[in-house]
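Grab a pencil and try each exercise before you read its solution. Every one can be worked through with the structure open beside you.

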Amino acid sequence: MVKNTSQYVCQDCGGTSAKWSGRCDNCGAWNTLVEETIIEQTPKGLGARKGSNINFVSLQGKSQAPPRRVTGISEFDRVCGGGLVPGSALLVGGDPGIGKSTILLQAAASLATRFQVAYISGEEAIEQLRMRANRLGLKEAKVKLAAATSVRDIITSLNDGDTLEVVIIDSIQTMFVDSLESAPGTVSQVRISAQELIRLAKRIGFAVILVGHVTKDGQIAGPRVMEHMVDTVLYFEGERSHQFRILRAVKNRFGPTDEIGVFEMTDTGLMEVTNPSALFMSDLGGSLNGATVFAGIEGTRPVLVEIQTLIATSPLGTPRRAVVGWDVARLAMVIAVLESRCGLAIAANDVYLNVAGGLRVSEPAADLAVAASLASSLSGVSVPPETVFFGEISLSGEIRPVSHSEARLKEATKLGFSNAIVPKNRGKERGMKRESKMKIREIEHIAELLSLFHTPKDRVQNKGQSGKNNDG
Ligand code: TYD
Ligand code: MG
């Protein structure tokens, strides 16, 4: 039996409700419920008919790594886990104007030298696409271009035409299935369009790349369910005011997540950045007070990032915490530890934290660099020159070891740093060699860090708690 009624669907999370309300009961978002028609089969249960038996096999067995369609843009390929997998679906999300269409057109052109590639745009007219290709110097590329939004037309064309190997759909929010009454971009349209395209991709064996818009709070617009339907989810992010763009894998059935690709937006398109560390540091490289260099890891790659903080007297009752590129809660924690374990008086001031270059750091390993930066801006003493920091701070003020310390130190040496302040016991990591050129200072407690700053007494009152022992 086909029941044909309408329901209200949250455009953020896909949650449904029978009546309209201002706030979604499911995710708490405001003004996201939209009326949509549902065409749903009433579930009937299995009935008496017997199915066939399925085979059980052992975990052991011959399995081949999936073949890859390499784009030739190595930053892009790495994020995908080594290229596109035939029959797989990839979702690329990102703010409007961040460069999704640009990077995908570049990837399409590069792929077209070896594969059959189609680029279907529902957002731009052919003229606009050609203009972009012209600007990118890709006029000659053998990409099959189309402007279409009807999923029925697209599927028919992909079925009947030449066998394609890669299909790019820009964007899934513009696609619609004509059997559904809802407008394009609504949850049910996005879901069913993606479903149909992915099913075709699996059947014919092309890799499909879907572009998805993101909402104000950074989710891929429409249903989060779409993230479950695809094999790989990439986010294209970056501050619009910066030149740098980061492609980040947040889900990947065919490769590692947390891998990033770094690009720079130029007037001839997105260029790969193979040495990102140089990019995320200002020229002053930590010589100002309040600036420290964090030796971080993004995916499998070490990246050095400059962290800047500023502490200013607050005119407000509730001091301001403004954070760009890091976690506000994490900053609050580091401030609390500095306050209660070392007696620094920060909490009543405004605190600004900025990760240079527009990178988003999510590692707790940045704690130590942030603490050093805060201590430096509070005391007005800059951190020792050519020094990198990494280490996680626990609530007791202990510095905990973090992974990949050797890779972090190697990258720092490569970029000309000669000092490192790191957690004790980092040697427990397997297969570790001591880095020879680098002067490494291992610390156990946050208080040892503060001894680096000859802090004027009027700003820092030592409440007693100090480090257990200093060793270098
Ligand atoms: P676009 O790829 O259209 O973004 P999206 O598809 O994510 O919405 O990128 C648009 C922005 O990129 C626009 O602000 C202009 C800029 N841009 C360049 O700076 N250089 C270029 O070569 C191109 C093609 C775009
Ligand atoms: Mg676009």
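Before we start, one definition: helices here are DSSP runs of H or I with at least four residues, numbered from the N terminus. Also keep in mind that this is a predicted model.

**Exercise 1. Get an overview of the chain.**

Task: Find how many helices and strands the chain has, and what percentage of its residues are buried.

Solution:
- Step 1. Count the elements: the chain has eleven helices and 21 strands.
- Step 2. Check burial: of the 472 residues in the chain, 50% are buried.
- Step 3. Look at the surface: the accessible area comes to about 23,200 Å², and carbon and sulfur atoms account for 51% of that.
- Step 4. Look at the contacts: among those between residues at least 6 apart in sequence, 67% join residues at least 24 apart.

**Exercise 2. Place Leu 449.**

Task: Work out which helix holds Leu 449, and whether Leu 449 is buried or exposed.

Solution:
- Step 1. Find the helix: Leu 449 belongs to α11, which covers residues 446-450.
- Step 2. Apply the cut-off: buried means under 20% relative accessible area. Leu 449 has 0% relative accessibility, so Leu 449 counts as buried.
- Step 3. List the partners: skipping residues up to four places away in sequence, Leu 449 touches Leu 368, Ala 371, Ala 372, Phe 389, Ile 421 and Ile 443.
- Step 4. Take one of those partners and compare sequence with space: Leu 449 and Ala 372 are 77 residues apart along the chain, yet their C-alpha atoms are separated by 7.0 Å.

**Exercise 3. Explore the largest nonpolar core.**

Task: Say which residues touch the most other members of the largest nonpolar core.

Solution:
- Step 1. Recall a trend: in soluble globular proteins, nonpolar side chains tend to be buried together.
- Step 2. Name the residues: in this core of 63 residues, Trp 326, Leu 338, Leu 374, Ile 446 and Leu 449 touch the most other members.
- Step 3. Ask which element gives the largest share: helix α9 (residues 367-379) does, with eight residues.
- Step 4. Spot the other core: apart from this one lies a core of 34 residues, including Leu 105, Leu 129, Val 166 and Leu 270.

**Exercise 4. Judge helix α2.**

Task: Find how far helix α2 reaches, and how many of its residues are buried.

Solution:
- Step 1. Check the length: α2 (residues 100-111) has twelve residues and reaches 16 Å from its first C-alpha to its last, close to the 16 Å expected at 1.5 Å a residue.
- Step 2. Check burial: eleven of the twelve residues are buried, so α2 is largely enclosed by the rest of the structure.
- Step 3. Pick out some of them: the buried residues include Lys 100, Gln 106 and Leu 111.

**Exercise 5. Classify the aromatic pair.**

Task: Decide what kind of pair the rings of Phe 236 and Phe 263 make.

Solution:
- Step 1. Count: there is one aromatic pair.
- Step 2. Use the geometry: the ring centres of Phe 236 and Phe 263 are 6.1 Å apart and their planes are at 75 degrees, so the pair is edge-to-face.
- Step 3. Locate the partners: Phe 236 is in strand β9 (residues 232-237) and Phe 263 in strand β11 (residues 260-266), so the pair ties together parts 27 residues apart in sequence.
- Step 4. Finish with burial: Phe 236 and Phe 263 are both buried.

Technical notes. Residues numbered from 1 in each chain as written. Chains lettered and ligands numbered in written order. Predicted model: local features only at pLDDT ≥ 70, side-chain atom pairs only at ≥ 80, totals over all residues. Heavy atoms only, no water. Helix = DSSP H or I, 4+ residues; strand = E, 2+ residues; numbered from the N terminus. Buried < 20%, exposed > 50% of the residue type's maximum accessible area, 1.4 Å probe, protein only. Contact = heavy atoms within 4.5 Å. Expected span 1.5 Å × (residues − 1). Areas by Shrake-Rupley, 256 points an atom, 1.4 Å probe, with all protein chains shown as cover. Phe/Tyr/Trp six-rings, centres within 6.5 Å; stacked < 30°, edge-to-face > 60°. Core = buried A, V, L, I, M, F, W, Y, C linked by side-chain atoms within 4.5 Å.
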